[in-house]
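Dear colleague,

I am passing on the model we spoke about, with the sequence and the coordinates shown together just below. Please have it open in your viewer while you read the notes.

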Amino acid sequence: MAEKIQTQIEFLVALQDLDIMLKEIEEVKALGFEVDNEGKTTLGRAREELAAKIKRQLFNNYERLRSRYKRAIVPVKDDTCLGCFMRVPTALTTHGRTDQEVLTCENCGRFLYWLS
């Protein structure tokens, strides 16, 4: 049985995954290959449903970050943001591991999630 998404950061990570898939469809199209529009439509609908579950301010920040970076949400590994490769302060690391609040990198501003 699949795990149910419960936190805002999990919704954001899933949204980013959908956005990457949608972008890949466009890249394949740009290469001249035929793409099934039904799949793209289904992904678009899933994106809308997922976006509706994300708090408006987080969604707007996600969209802003997505326009700036390829990935708006990045993992933290060994207390390092894997977006800008700067060390994350210990205080953030302690709070971030709970995934109960959405935290951002103090250097690049991307949303952070911790690899378990």
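What follows goes through the sheet, the core and a few individual residues.

Please keep in mind throughout that this is a predicted model.

I begin with the sheet, which is open and consists of 4 strands in the order 2-1-4-3, with mixed pairing. Its edge strands are strand 2 (80-81) and strand 3 (103-104), each of which pairs on one side only. As a general reminder, the strands of a sheet pair through backbone hydrogen bonds, and they may do so in either the parallel or the antiparallel sense.

Strand 1 (73-77) is a convenient place to see both kinds of pairing. With strand 2, strand 1 pairs in the antiparallel sense over 2 bridges, and here Lys 77 stands opposite Thr 80 of strand 2. With strand 4 (111-114), strand 1 runs parallel, the two being joined by 4 bridges, and in this pairing Pro 75 stands opposite Tyr 113 of strand 4. Strand 1 is largely enclosed by the rest of the structure, because 4 of its 5 residues are buried.

The connection from strand 1 to strand 2 deserves a careful look, since these strands form a hairpin with 2 residues between them. Asp 78, which lies in the loop between strand 1 and strand 2, has a positive phi of about 50 degrees although it is not a glycine. Asp 79 is found in the loop between strand 1 and strand 2, and for this residue phi is positive at about 60 degrees, although Asp 79 is not a glycine either. As for the surroundings of Asp 78, its relative accessible area is 63%, and because exposed means over 50%, this residue counts as exposed.

Turning to the interior, the largest nonpolar core has 32 residues, of which Cys 81, Phe 111 and Leu 112 touch the most other members. The elements that give two or more residues to this core are helix 1, helix 2, helix 3 (56-68), strand 1 and strand 4, and the largest share, 8 residues, comes from helix 1. Leaving aside residues up to four places away in sequence, Leu 112 touches Ile 9, Val 74, Val 76, Cys 81, Val 88, Leu 103, Thr 104 and Cys 105.

Is Arg 47, a residue of helix 2, buried or exposed? Its relative accessibility is 15%, and because buried means under 20%, Arg 47 counts as buried. When residues up to four places away in sequence are not counted, Arg 47 touches Leu 15, Leu 18, Asp 19, Leu 22, Phe 59, Tyr 62, Glu 63 and Arg 66, so you may wish to display these residues together with it.

The last item concerns the surface, where Val 28, Leu 31 and Phe 33 make a nonpolar patch of about 320 Å². Of these residues, Leu 31 is found in the loop between helix 1 (8-30) and helix 2 (37-52), and with a relative accessible area of 65% Leu 31 is exposed.

With best regards

Methods:
Residues numbered from 1 in each chain as written. Predicted model: local features only at pLDDT ≥ 70, side-chain atom pairs only at ≥ 80, totals over all residues. Heavy atoms only, no water. Patch = residues over 30% accessible without salt bridge, like charges linked within 9 Å, V, L, I, M, F, W, Y side chains within 5 Å. Areas by Shrake-Rupley, 256 points an atom, 1.4 Å probe, with all protein chains shown as cover. Salt bridge = Lys/Arg side-chain N within 4 Å of Asp/Glu carboxyl O. Buried < 20%, exposed > 50% of the residue type's maximum accessible area, 1.4 Å probe, protein only. Core = buried A, V, L, I, M, F, W, Y, C linked by side-chain atoms within 4.5 Å. Contact = heavy atoms within 4.5 Å. Pairing = 2+ DSSP bridges.
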